[in-house]
Amino acid sequence: MSEPLKEMAHFAGKACGTIVKDVAEFSQPLTEAFRQGWREAMADQPKPKTEPAPAADNHAAESA
């Protein structure tokens, strides 16, 4: 993933956090609803594909 894309994602995450903190100043129920929606959305996301581990890491150590 490119650095500019990571920076944009980081900024977007901070912006969401700021929104939640601002909402929390005047309404805890809205804050909880936002958090619940966030958790549900993240749970619905497919798990990211990971790179396969190097061959040496895929085998259990043999004991003599």
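**View 1. F34, a partly exposed residue of helix α2.** With a relative accessibility of 32%, F34 counts as partly exposed. In this predicted model, F34 belongs to helix α2. Let's use F34 as our way into the patch shown next.

**View 2. A nonpolar patch on the surface.** Here F34 keeps company with I19, W38 and M42, and the four residues form a nonpolar patch on the surface. Together they offer about 400 Å² of accessible area. Which helix gives the most to the nonpolar patch? That is α2, which supplies three residues.

**View 3. The whole chain, for orientation.** It helps to step back for a moment before the next close-ups. The protein has two helices and zero strands. Helix α1 covers residues 3-24, and helix α2 covers residues 28-44. Of the 64 residues, 6% count as buried. The protein exposes about 6,100 Å², and carbon and sulfur atoms supply 61% of that area.

**View 4. Helix α2 from end to end.** This helix has 17 residues. From its first C-alpha to its last, α2 reaches 24 Å, which is close to the 24 Å expected at 1.5 Å a residue.

**View 5. S27 at the start of α2.** Look for S27 in the loop between α1 and α2. Is S27 buried or exposed? At 14% relative accessibility, S27 counts as buried, because the cut-off for buried is under 20%. At the start of α2, a side-chain oxygen of S27 comes to within 3.2 Å of the backbone nitrogen of L30. The backbone of S27 takes part in a contact too: its oxygen is reached by the side chain of T31 at 2.9 Å. So if you centre your viewer on S27, you can follow its side chain to L30 and its backbone oxygen to T31.

**View 6. T31, a buried residue of helix α2.** T31 lies in helix α2, and its relative accessibility is 0%, so it counts as buried. Which residues does T31 touch, not counting those up to four places away in sequence? They are V20, V23 and A24. The side chain of T31 also reaches the backbone oxygen of S27, at 2.9 Å, the contact you met in the previous view.

**View 7. The salt bridge between R35 and E32.** The structure holds two salt bridges, and this view shows the one in helix α2. The side chains of R35 and E32 meet at 3.3 Å, N to O. Why are these two residues placed about one helical turn apart? Because they are three residues apart in helix α2. An α-helix has 3.6 residues a turn, so residues three or four places apart point the same way. Both partners are partly exposed: R35 has 35% relative accessibility, and E32 has 36%.

**View 8. The salt bridge between E3 and K6.** Our last stop is in helix α1. The side chains of E3 and K6 meet in a salt bridge of 3.9 Å, N to O, and this pair counts because the cut-off is within 4 Å. E3 and K6 are three residues apart in the helix, and so they are separated by about one helical turn. K6 is partly exposed, with a relative accessible area of 41%.

Notes: Residues are numbered from 1 along each chain as its sequence is written. This is a predicted model: local features need pLDDT of at least 70, side-chain atom pairs count only at pLDDT 80 or more; totals for chains, interfaces and linings use all residues. Side-chain values use heavy atoms; hydrogens and water are left out. Helices (H or I, at least four residues) and strands (E, at least two) are DSSP runs, numbered from the N terminus. Buried means under 20% relative accessible area, exposed over 50%, partly exposed in between (1.4 Å probe, protein chains only). Accessible areas come from the Shrake-Rupley method with a 1.4 Å probe; for residues, only the protein chains shown count as cover. The expected span of a helix is 1.5 Å times one less than its number of residues. A polar contact is a pair of N or O atoms within 3.5 Å; within protein, one must be able to donate a hydrogen and the other to accept it, and residues adjacent in sequence count only if both atoms are side-chain atoms. Contact means heavy atoms within 4.5 Å. Patches are made of residues with over 30% relative accessible area and no salt bridge: like charges are joined within 9 Å, nonpolar side chains (Val, Leu, Ile, Met, Phe, Trp, Tyr) within 5 Å.
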